Amino acid sequence: MSAAITADVFSKMLKVQLIATIAVALVALVITGLHGGMSALLGGASVIIGAMMASKIASRQARSEDPTAILLNLLKAEAVKILVIVVLLAIIFNVYGQLVPFALIAGLAAAALFSGAALSRLNV
């Protein structure tokens with residue numbers, strides 16, 4: 001897959017994640033108030049930022065033909081994504097005193113689930 005196609009796929013995936021996060025945040029805002037909406041945004045943002053970091057790593061060897069190199073690069077990208085999400089969630093839990101845990105998890109889940117859904121619907 002060329003670097004331009006890879007960048008386009010990641011860009012579309014991030015847009016879908018952002019839309020899903022905003023939708024969940026609006027629902028949380030209506031149901032639980034300002035802190036619920038903010039918690040959902042923070043949960044989704046942690047996944048989106050993790051995915052952005054992973055996309056930078058995954059696109060490094062987009063032109064590689066070696067299956068081992070491609071697989072190792074994807075595994076590195078996934079590990080970085082998980083690490084970034086864990087670190088951001090730890091910071092959020094320690095800094096945001098008015099956190100609504102259910103809303104945070106809902107935002108995180110929406111962004112994570114819709115990333116896979118976005119990738120499965122793209123024609124690449």
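## A walk through a four-helix model

Let's start with helix H3, whose buried residues are Ala 69, Asn 73, Ala 77, Lys 81, Val 84, Ile 85, Leu 89 and Ile 92. Buried here means under 20% relative accessible area, exposed means over 50%, and partly exposed is in between, with a 1.4 Å probe and protein chains only. This is a predicted model, in which local features need pLDDT of at least 70 and side-chain atom pairs count only at pLDDT 80 or more, while totals for chains, interfaces and linings use all residues. Residues are numbered from 1 along each chain as its sequence is written, and side-chain values use heavy atoms, with hydrogens and water left out.

Stay with H3 for a moment. This helix covers residues 67-95, and its 29 residues should span 42 Å at 1.5 Å a residue; the end C-alpha atoms are 42 Å apart, so the two agree. The expected span is 1.5 Å times one less than the number of residues in the helix. H3 also holds a charged pair: Glu 78 and Lys 81 both lie in it, 3 residues apart, about one turn of the helix. An α-helix has 3.6 residues a turn, so residues three or four places apart point the same way. Glu 78 forms a salt bridge with Lys 81, and their closest N and O atoms are 3.8 Å apart. The term asks for a side-chain nitrogen of Lys or Arg within 4 Å of a carboxyl oxygen of Asp or Glu, and a search of the whole structure finds 1 salt bridge. As for the partners, Glu 78 is partly exposed at 38% relative accessible area, whereas Lys 81 is buried at 18%.

Now step back to the whole chain. The protein has 4 helices and 0 strands, giving the pattern α-α-α-α along the sequence. Helices (H or I, at least four residues) and strands (E, at least two) are DSSP runs, numbered from the N terminus. Of the 124 residues, 35% count as buried. The accessible surface comes to about 7,600 Å², and 73% of that belongs to carbon and sulfur atoms. Such areas come from the Shrake-Rupley method with a 1.4 Å probe; for residues, only the protein chains shown count as cover. Among contacts (heavy atoms within 4.5 Å) with a separation of 6 or more, 72% are between residues 24 or more positions apart.

What about the inside? The largest nonpolar core has 9 residues: Phe 10, Met 13, Leu 14, Ile 48, Ala 51, Ala 54, Ile 57, Ala 58 and Ala 77. Helix H1 (3-32) and helix H2 (34-58) are the elements that give two or more residues to this core, and H2 gives the most, with 5 residues. A nonpolar core is a set of buried Ala, Val, Leu, Ile, Met, Phe, Trp, Tyr and Cys residues joined through side-chain atoms within 4.5 Å. Leaving aside neighbours within four places in sequence, Leu 14 is in contact with Ile 48, Ala 51 and Met 52. A second, separate core of 8 residues includes Val 47, Leu 89, Tyr 96 and Leu 104.

Other buried spots are worth a visit. Val 9, in H1, is buried at 10% relative accessible area. Val 9 and Ser 55 are 46 residues apart in sequence, yet 9.7 Å apart in space, C-alpha to C-alpha. Ala 28 also lies in H1 and counts as buried at 9%. Not counting neighbours within four places in sequence, Ala 28 is in contact with Gly 33, Gly 36, Gly 37, Ala 40 and Ala 103.

Over in helix H4, you meet Gly 107, buried at 0% relative accessibility. Gly 107 touches Thr 21, Val 24, Ala 40, Gly 43 and Gly 44, not counting residues up to four places away in sequence. For contrast, look at Gly 97 in the loop between H3 and H4 (101-121): Gly 97 is exposed, at 73%.

Finally, turn to the outside. Leu 18, Ile 22, Leu 26, Leu 29, Leu 34, Met 38 and Leu 41 make a nonpolar surface patch of about 630 Å². H1 and H2 are the elements that give two or more residues to this patch, and H1 has the largest share, 4 residues. Patches are made of residues with over 30% relative accessible area and no salt bridge, with like charges joined within 9 Å and nonpolar side chains (Val, Leu, Ile, Met, Phe, Trp, Tyr) within 5 Å.
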